[in-house]
Amino acid sequence: MTTNIKDMLPVAWEFVKGSPSRKPNAQLPTVYLKKEDLQRPFHPRLIWFGHSAALLQMDELTILIDPMFGNAPSPVPFIGGKRFGRKLPMEPADFPHIDYVLISHDHYDHLDYNSIRALKTKVGHFIVPLGVGQHLRRWGVKPELITELNWWDEIELQGVKLACTPARHFSGRSMMDRDHTLWCSWTIHGKDARIFFCGDSGYGPHFKEIGERYGPFDLTMMECGQYDEKWAAIHMLPEQTVLAHEDVRGDVLLPIHWGSFTLALHDWDDPAKRVTKEAERRGVRITTPLIGESIAIGQGNYPRRRWWEIG
């Protein structure tokens, strides 16, 4: 990531100046949920909550991934801006029991203090990369409810096989703790579905290695948003998102890490426009659900509406 003053001052000025195109000019279409809507389905399904937060239900388990439900992705709300749609599909307090929570890394837009505090009494177990457990323990999660994994570590969750896999990123929640904890992606293998969750990552050869070890996948959740040529080493460009999906041997691509916050200089809908165009060019199956909309994995009917074209 280029961090010298000459390169970063213009970027900082653009963030301060702001741009109307970096936020939607209308309310985003959202599916609002009730607790009964999360009753475990017969077939595997996933619900995207915007950015990288998602709820996966498979093999009689409910798994919550990167549950960031806060209004701002930083400790200082005016940096990074506020959530586009202030109303979530479901408030953390309304969630039913969650069997497992997976965290990819400790950045504020993936690990949120208030979200964890609101959810912790509903969660059976937290599974995180090395070092991230320190945050959870400090926030009141019991140590026996936390498992920390290194890259390529594997664990079985009541019949579902989980692997902690590499990502090309970094970590830290302050100026003093950069890279003190690990970051990762996750593979999730059940009886009826195989899922890959990218976390945050730049494009690299690790995707092919993950595909060789754990692919193919029925659904991939691939980072697509908050990118710039200056930090392409840690956040993929949309065209690379499609390549990474192909590398891990994915069937259907779900682009994530967009649709909720402004953390880069591109237009808010640029990720959706570019990734769908590239997927179509390469003949890749892609799904673009509304925030809060259920995806039935492996059932053939995947949402494809261009809902970001809201005027």
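Guide: A residue is called buried under 20% relative accessible area, exposed over 50%, and partly exposed in between, using a 1.4 Å probe and protein chains only. The model is predicted: local features need pLDDT of at least 70, side-chain atom pairs count only at pLDDT 80 or more, and totals for chains, interfaces and linings use all residues. Residues are numbered from 1 along each chain as its sequence is written, and side-chain values use heavy atoms, with hydrogens and water left out.

Visitor: Why is Arg-282 called partly exposed?

Guide: Arg-282 has a relative accessible area of 34%, which lies between the limits of 20% and 50%, so the intermediate class applies.

Visitor: What makes the contact of Glu-246 with Arg-282 a salt bridge?

Guide: The term requires a side-chain nitrogen of Lys or Arg within 4 Å of a carboxyl oxygen of Asp or Glu. The closest N and O atoms of Glu-246 and Arg-282 are 2.8 Å apart, so the pair meets the criterion. This pair links distant parts of the chain, with Glu-246 in helix α5 and Arg-282 in helix α6 (residues 270–282), 36 residues apart. Helices are DSSP runs of H or I with at least four residues, strands are runs of E with at least two, and both are numbered from the N terminus.

Visitor: How do you know that Arg-281 and Glu-278 are separated by about one helical turn?

Guide: Both belong to helix α6 and are three residues apart, which means about one turn between them. Their salt bridge has its closest N and O atoms 2.9 Å apart. Arg-281, at 60% relative accessibility, counts as exposed, whereas Glu-278, at 10%, counts as buried.

Visitor: How many salt bridges does a search of the whole structure find?

Guide: The search finds 13. Among them is the pair of Glu-148 and Arg-137, at 3.4 Å from N to O. Glu-148 lies in strand β6 and Arg-137 in helix α3 (residues 133–138), eleven residues apart. In addition, Glu-239, Asp-270 and Arg-274 are linked in a network of salt bridges.

Visitor: Why is strand β11 described as largely enclosed by the rest of the structure?

Guide: Strand β11 (residues 217–223) has seven residues, and six of the seven are buried, which supports that description.

Visitor: How do you know that β11 pairs with β12?

Guide: Two strands pair if DSSP finds at least two bridges between them. β11 and strand β12 (residues 250–256) are joined in the parallel sense over six bridges, so the requirement is satisfied. Leu-219 stands opposite Val-252 in β12. The chain crosses from β11 through helix α5 (residues 238–247) to β12, in a right-handed β-α-β crossover.

Visitor: What makes a crossover right-handed?

Guide: With the strands pointing away from the viewer, the path from the first strand over the helix to the second must run clockwise. Strand β10, helix α4 (residues 206–214) and β11 also make a right-handed β-α-β unit. Three bridges join β10 (residues 194–197) to β11 in parallel, and Phe-196 stands opposite Thr-220 in β11.

Visitor: What makes the backbone at Trp-152, Arg-249 and Pro-216 noteworthy?

Guide: Most residues other than glycine have a negative phi, and most peptide bonds are trans. Phi is near 75° for Trp-152 and near 70° for Arg-249, both positive values. The bond from Gly-215 to Pro-216 is cis, with omega near 0°, and Pro-216 is found in the loop between α4 and β11.
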